[in-house]
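Dear colleague,

I am passing on the structure we spoke about, and below it you will find notes on what came out of going through it. Please read them with the coordinates open beside you.

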Amino acid sequence: MVTISVIGTGYLGATHAAGMAELGFDVIGVDTDPVKIRALAGGEVPFHEPGLPELLRRHVQTGRLRFTTSMAQAAAEADLHFVCVGTPQSLTGAADLSAVHAVIAELAPLLRRNALVVGKSTVPVGTAEQLTRRIASLIQPGIAVEVAWNPEFLREGHAVHDTLHPNRLVFGCAGPSAEWLLREVYARPIADGVPVVVTDLATAELVKVSANAFLATKISFINAMAELCEAAGADVLTLARALGHDERIGAQFLGAGLGYGGGCLPKDVRALIARADELGSGESVAFLRGVEEINQRRRDRIVAEALEVLRGGPGWRAGRVAVLGAAFKPHSDDVRDSPALEVAQRLHRAGALVTVYDPVAAVRARSVAPQLRYAANPHVACRKADVVLHLTEWPEFGSLDPVRLRAIVRNPVLIDARNTLDAARWLAAGWEFRRPGTVLPLVTQDRVAAG
Ligand code: UDX
């Protein structure tokens with residue numbers, strides 16, 4: 001059985017390393033960050049990912065999963081090296097490949113036997129070919145090192161499931177031995193019944209970014225329809241449900257609301273635009289600028305609506321905003337490009353007193369936005385609020401008691417920016433309930449009468 005190294009132990013690498021150990025391989029996780037490596041070696045996952053701590057601990061204990069900062073150890077022991085380092089957005093919007101290049105520069109001269117280097121990081125098309133040439137110029141004479149690309153489609157919050165039960169496997173291979181080895185690695189039990197697409201390096205690289213660009217486009221499409229619904233007095237939730245019944249369209253990723261964020265979709269859309277420009281094909285993806293603009297307008301829209309409520313309400317001088325959710329999506333503590341946190345920060349800049357509650361992302365949110373207040377529970381966050389914003393759809397927000405909350409706030413106005421709360425419950429409790437893309441009675445008859 002081959003020994004595997006996983007280089008880069010962030011969300012992707014740590015999950016992949018644990019997943020490979022679960023398949024029975026000896027795995028060495030490598031990272032330049034000694035703090036992260038110490039934590040992982042002790043069975044601690046330094047981010048929130050359901051199920052991962054248990055999987056990791058199990059295989060640290062069996063000894064199948066080890067962690068090191070030594071690339072020399074990885075080079076000496078492994079036959080197959082998965083590259084999982086980050087490719088963040090640079091100032092131009094293009095992907096910053098410095099971590100990928102640093103890995104290759106360190107690993108290639110240390111290799112003493114034939115090896116396969118498999119990229120999993122999301123990279124601009126053409127990177128694998130460039131790395132192949134670089135490796136050839138750096139390795140010792142007499143050994144053969146191939147490069148393959150095996151993009152990863154895991155979602156944060158579902159990373160363990162997506163790693164062990166992928167909906168497809170994509171192998172970008174320059175030659176038959178890479179394909180053979182990748183098929184071996186994924187043979188059991190992952191590949192059972194899972195479609196495997198074997199292709200060239202460039203196509204494999206493009207699959208990943210185009211998948212994310214497509215998902216972003218789908219979200220912006222439904223958010224554009226939400227804008228239209230608002231103008232026309234129609235209902236985007238019903239529209240999305242009706243669209244989703246068409247199997248050619250599909251019901252997923254038609255959730256209209258605050259739009260997409262996180263470490264992948266926004267960056268990958270921008271990187272694809274930048275790479276297409278470099279390739280002289282900018283026109284082909286010009287529509288993606290529209291996708292981004294629609295996405296940004298969702299955040300603008302919620303900020304404007306919250307300010308409108310504050311200005312119309314009694315508490316404008318020191319208007320209090322309760323923000324439910326800081327993570328870019330539920331089941332994650334990731335606040336990278338989080339729509340929720342951006343809205344909260346903009347309202348703070350506009351002069352509001354913003355108090356945020358998030359069940360797991362508060363620590364990370366505080367390190368990015370220390371100027372905001374953070375509450376230990378939703379009730380404290382809502383105390384004397386002039387408007388409550390539902391910005392990340394954590395399941396626990398669905399079971400909040402609107403009657404109890406109404407007694408806590410100063411002004412019972414809720415903006416459900418994620419379109420997932422049960423409007424009837426909030427309306428029945430006397431709240432003014434607002435949601436994007438939907439026409440609702442904003443107040444109940446009771447409240448009209450009371451007002
Ligand atoms: C995404 C891809 O789904 C995954 O395949 C890839 O490997 C990495 O990027 P992730 O960033 O974890 O995964 O989150 P995802 O679940 O795709 O959500 C992205 C964003 O879109 C979130 O901010 C989410 O709130 C938003 N979203 C999603 C919507 O606004 N509406 C929807 O209907 C679905």
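Is R366 buried, exposed or partly exposed? With 17 other C-beta atoms within 10 Å, R366 is partly exposed, since a residue needs 20 or more such neighbours to be buried and 12 or fewer to be exposed. This residue sits in helix α14, which covers residues 362-368, and its C-alpha atom is separated by 9.9 Å from that of V335, although the two are 31 residues apart along the chain. Please keep in mind, here and throughout, that this is a predicted model.

**Domains**

The domain assignment divides the protein chain into domain 1 (3-199), domain 2 (209-287) and domain 3 (293-450). Between the C-alpha centres of domain 1 and domain 3 there is a distance of 39 Å, and the contact between these two domains involves five residues of domain 1 and seven residues of domain 3. On the domain 1 side, the touching residues comprise two nonpolar, two polar and one charged.

**The eight-stranded sheet**

One open sheet consists of eight strands in the order β3-β2-β1-β4-β5-β6-β7-β8, and its pairing is mixed. At its edges stand β3 (65-68) and β8 (196-199), each of which has a single partner strand, so that one side of each is left without a neighbour in the sheet. On average, and with direction ignored, neighbouring strands of this sheet are turned by 25° against each other.

Within this sheet, β1 (residues 3-7) and β2 (residues 26-30) are joined by five bridges in the parallel sense; T3 has D26 of β2 as its bridge partner, and S5 stands opposite I28 in β2. Strand β2 is mostly covered, with four of its five residues buried.

**The six-stranded sheet and its helices**

A further open sheet is formed by six strands in the order β11-β10-β9-β12-β13-β14, and here the pairing is parallel. The edge strands are β11 (373-374) and β14 (432-434), each of them pairing on one side only. The parallel pairing of β13 with β14 runs over three bridges, and L414 has F433, in β14, as its bridge partner.

Helix α12 packs on this sheet, where it touches β9, β12, β13 and β14, and its direction makes about 165° with that of β12. The helix spans residues 287-312, 26 residues in total, and reaches 37 Å from its first C-alpha to its last, which is close to the 38 Å expected at 1.5 Å a residue. Its buried residues are L288, V291, I294, N295, R298, R301, I302, V303, A306, V309 and L310. In reading that list it may help to recall that an α-helix has 3.6 residues a turn, so residues three or four places apart point the same way. The cover over the buried residues of α12 includes the helices α9 (201-232), α11 (265-278) and α13 (339-349), together with the strands β9 (320-324), β12 (387-390) and β13 (413-416). Helix α13, for its part, lies across β9, β10 (353-357) and β12, and runs at about 160° to β10.

One residue of α11 deserves a separate note, namely V269. Because 25 other C-beta atoms lie within 10 Å of its own, V269 counts as buried. When its neighbours within four places in sequence are left aside, V269 is in contact with A213, A216, L288, V291 and E292, and two of these contacts, L288 and V291, are listed among the buried residues of α12. By C-alpha positions, V269 and A224 are 17 Å apart in space and 45 residues apart in sequence.

**Two loop residues to look at**

Which backbone angle is positive at H331, although it is not a glycine? It is phi, at about 65°. H331 lies in the loop between β9 and α13, and it is buried because 20 other C-beta atoms are found within 10 Å. A positive phi, of about 60°, also occurs at N419, again not a glycine, in the loop between β13 and α18 (423-428). N419 has 21 C-beta neighbours inside 10 Å and therefore counts as buried.

With best regards

Conventions. Residues are numbered from 1 along each chain as its sequence is written. This is a predicted model: local features need pLDDT of at least 70, side-chain atom pairs count only at pLDDT 80 or more; totals for chains, interfaces and linings use all residues. The expected span of a helix is 1.5 Å times one less than its number of residues. Two strands pair if DSSP finds at least two bridges between them. Axes are lines fitted to C-alpha atoms, for helices over the stretch in contact, and angles run from 0 to 180 degrees between N-to-C directions. Domain bounds come from an automatic or database domain assignment. Ala, Val, Leu, Ile, Met, Phe, Trp, Tyr, Cys and Pro count as nonpolar, Asp, Glu, Lys and Arg as charged, and the others, Gly among them, as polar.
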